[in-house]
Amino acid sequence: MRQPYAPPAGLCESCANVRIVDTRRGSRFFLCQLSDVDPRFPRYPRTPVLRCLGYVATATPDVVAEPSEAE
């Protein structure tokens, strides 16, 4: 189930250290996996997160260019 309006979660939406937890009632939570090993990070941070020492951007897939006809 998708919420009609979901406020932005800030950095958590694109962090490699997050696990998104969707509930049956339609809520969405961002679980910080760094909280398992470092007490400085809250398990479920208040959103939107605008600054975070543990933020690591997720790798975006490379755009595959089509081969040129000159080859």
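Hi everyone. Let's start with the lining of the second largest pocket: by class, it has 12 nonpolar, one polar and two charged residues. Before I go on, please keep in mind that this is a predicted model.

So how big is the second largest pocket? Its volume is about 200 Å³. Of its 15 lining residues, those closest to the centre are Cys 32, Phe 41, Pro 45, Val 49 and Cys 52. Hold on to two of those names, Cys 32 and Phe 41, as we'll meet them again shortly.

Now to the strands. Strand β1 covers residues 18-22 and strand β2 covers residues 28-32. The two run antiparallel, and five bridges join them. If you'd like a pair to find on screen, look for Asp 22, which sits opposite Arg 28 in β2. The hairpin of β1 and β2 has five residues between the strands, and there Gly 26 takes a positive phi near 95 degrees.

Moving along the chain, the segment after β2 holds Ser 35. Is Ser 35 buried or exposed? Its relative accessible area is 17%, and the cut-off for buried is under 20%, so Ser 35 counts as buried.

What does the side chain of Ser 35 reach? At 2.6 Å, it reaches the backbone oxygen of Cys 32, one of the residues closest to the pocket centre. Setting aside neighbours within four places in sequence, Ser 35 is also in contact with Phe 41, Pro 42 and Arg 43. Phe 41, you'll remember, is another of those residues closest to the centre of the second largest pocket.

That's my tour. Thanks for listening!

Notes. Residues numbered from 1 in each chain as written. Predicted model: local features only at pLDDT ≥ 70, side-chain atom pairs only at ≥ 80, totals over all residues. Heavy atoms only, no water. Pairing = 2+ DSSP bridges. Helix = DSSP H or I, 4+ residues; strand = E, 2+ residues; numbered from the N terminus. Buried < 20%, exposed > 50% of the residue type's maximum accessible area, 1.4 Å probe, protein only. Polar contact = N/O pair within 3.5 Å; in protein donor to acceptor, adjacent residues only side chain to side chain. Contact = heavy atoms within 4.5 Å. 1 Å grid on protein atoms, 1.4 Å probe; cavity = no way out; pocket = protein on both sides within 12 Å on 5 of 7 lines; lining within 4 Å. Points joined across faces, edges and corners; volume = space filled by probe spheres on them. Nonpolar A, V, L, I, M, F, W, Y, C, P; charged D, E, K, R; others polar.
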